Structure formats: C-alpha cells, structure tokens
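Me: I've just opened this one and could use a friendly walk through it. Shall we go question by question?

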Amino acid sequence: MTWIPAVVIGLLALFVTGAFALSAWSDKEARRARSRVDLLIAALNSAVVLVVLHQLLPWSSVPVALWLLPVLLVAGGVTGAVLRWPGLPWRRPDRARWRVVANVVLEVVVAAAVVVVLVVL
C-alpha cells in the first residue's frame with residue numbers, strides 16, 4: 001500500500017473516532033448524542049474503524065503514536081459515554097421505534113460484514 005491510501009484511511013479513522021469522542025463529551029445540542037442507541041452505534045463504528053485500521057495499514061512502517069491517537073479517542077469517547085449514559089433515553093423521542101430498530105440492525109450487519117471480510121477472509 002502506498003502512503004496516499006494509508007493517509008486517507010488514517011484520516012478517516014481520526015474523523016470517525018473523533019466524532020464519537022465529540023458526541024460523547026459535547027455540551028452543544030447539535031454535536032452531542034441524544035440517546036443511548038446513538039452512543040452505541042458511534043462506539044460500534046469506532047471499533048470497526050479500529051479493525052479496518054489495524055488490518056489495512058502497514059504497521060511496521062507507522063509510528064506507534066499514530067495508532068495510539070485513534071485508540072485514545074475511542075477510550076475518551078467510551079469514558080464520556082459512560083458518564084452521560086444515565087441521563088440519556090434509550091432512543092430519541094423524535095424517531096419512530098421501527099426506524100431505530102431498522103437502523104441498529106443495518107449498522108450491526110454492515111459492521112459484522114466489514115469485520116468478517118477483513119479478518120476472516
């Protein structure tokens with residue numbers, strides 16, 4: 001893999017993990033997660049990005065600090081999610097229950113497919 005795809009994958013990983021950390025810690029209404037389901041989906045996406053990062057980047061040529069930054073962002077996001085968890089409803093009141101369930105099922109299926117393709121196959 002040349003350095004250009006590695007940089008793109010790295011920036012994507014920083015964006016996704018940073019968005020999770022921001023949604024868990026932000027006090028601004030537009031940026032924060034509004035439900036427990038939103039936090040769980042963001043955490044799942046961050047975990048999948050870490051798997052993709054681990055499988056696709058040539059880690060022998062990447063400094064350890066570049067791997068630690070997205071991991072620290074996920075850890076910070078999980079910490080913020082744990083602190084905000086008790087004050088959040090399970091689902092957003094403005095979303096229908098069927099829509100939330102369909103979104104969760106779709107997210108889990110896509111995440112599982114990505115992990116299976118990258119790790120197992």
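**Helices, cores and a few residues**

Reply: Let's start in the middle: α2 passes α4 in a left-handed crossing. Keep in mind that this is a predicted model.

Me: Are α2 and α4 roughly parallel or roughly antiparallel to each other?

Reply: The axes of α2 and helix α4, which covers residues 97–120, cross at roughly 15° and come within 10 Å. Angles under 35 degrees count as roughly parallel. So the answer for α2 and α4 is roughly parallel.

Me: How do the residues of the contact of α2 with α4 divide into nonpolar, polar and charged?

Reply: On the α2 side the contact includes Val37, Ile41, Leu44, Asn45 and Gln55. From α4 come, among others, Val100, Asn103, Glu107, Ala111 and Leu118. Sorted by type, the residues where α2 meets α4 come to 15 nonpolar, three polar and one charged.

Me: What about the other partner: is α2 roughly parallel or roughly antiparallel to α3?

Reply: Helix α2 spans residues 36–56 and helix α3 spans residues 64–84, and they pack at an angle of about 165° with axes 11 Å apart. Angles over 145 degrees count as roughly antiparallel. So α2 relative to α3 is roughly antiparallel.

Me: Which residues of α3 make the contact with α2?

Reply: Here, too, α2 passes its partner α3 in a left-handed crossing. The α2 side of the contact is Leu39, Ser46, Leu50, Leu53 and His54. By type, the contact of α2 with α3 has eight nonpolar residues, two polar and no charged. On the α3 side, the residues are Trp67, Pro70, Val71, Val74 and Ala81.

Me: Which residues does Leu50 touch, not counting those up to four places away in sequence?

Reply: Leu50 is one of the α2 residues in the contact with α3. Leaving out residues up to four places away in sequence, Leu50 touches Trp67, Pro70, Val71 and Val74.

Me: Which elements give two or more residues to the largest nonpolar core?

Reply: That core has eight residues: Ala6, Ile9, Ala13, Val49, Leu50, Leu53, Leu57 and Val74. The elements giving it two or more residues are α1 (3–25) and α2.

Me: How many residues are in the second, separate core?

Reply: Phe20, Ala24, Ala33 and Leu39 are among its members. Leu39 also belongs to the contact of α2 with α3. The count for this second core is seven residues.

Me: Is Ser46 buried or exposed?

Reply: Ser46 sits in helix α2 and touches Val16, Thr17, Phe20 and Val74, not counting residues up to four places away in sequence. Its relative accessible area is 0%. Because buried means under 20%, Ser46 is buried.

Me: And Asp38, what does it count as at 23% relative accessibility?

Reply: Asp38 is in helix α2 as well. Not counting residues up to four places away in sequence, it touches Ala33 and Arg92. Since the partly exposed range runs between 20% and 50%, Asp38 at 23% counts as partly exposed.

Me: Where is Gly87 found, and is it buried or exposed?

Reply: Gly87 is in the loop between α3 and α4. Its relative accessible area is 67%. Exposed means over 50%, so Gly87 is exposed.

Me: What separates the C-alpha atoms of Gly87 and Ser35?

Reply: Along the chain, Gly87 and Ser35 are 52 residues apart. In space, their C-alpha atoms are separated by 9.0 Å.

Me: How far apart in space are Ala112 and Gly80, C-alpha to C-alpha?

Reply: Ala112 is found in helix α4, and with a relative accessible area of 38% it is partly exposed. In sequence, Ala112 and Gly80 are 32 residues apart. In space, C-alpha to C-alpha, they are 25 Å apart.

Me: Zooming out, which pattern does the protein follow along the sequence?

Reply: The secondary structure comes to four helices and zero strands. The C-alpha trace spans about 45 × 30 × 20 Å along its principal axes. Read along the sequence, the pattern is α-α-α-α.

Me: Last one: what share of the 121 residues is buried?

Reply: Buried means under 20% relative accessible area, as with Ser46 at 0%. Across the 121 residues of the protein, the buried share is 28%.

Conventions: Residues numbered from 1 in each chain as written. Predicted model: local features only at pLDDT ≥ 70, side-chain atom pairs only at ≥ 80, totals over all residues. Heavy atoms only, no water. Axes fitted to C-alpha atoms, helices over the stretch in contact; angles between N-to-C directions. Parallel < 35°, antiparallel > 145°, perpendicular 65-115°, else oblique. Left-handed = near helix turned anticlockwise from the far one by under 90°. Contact = heavy atoms within 4.5 Å. Nonpolar A, V, L, I, M, F, W, Y, C, P; charged D, E, K, R; others polar. Core = buried A, V, L, I, M, F, W, Y, C linked by side-chain atoms within 4.5 Å. Buried < 20%, exposed > 50% of the residue type's maximum accessible area, 1.4 Å probe, protein only.
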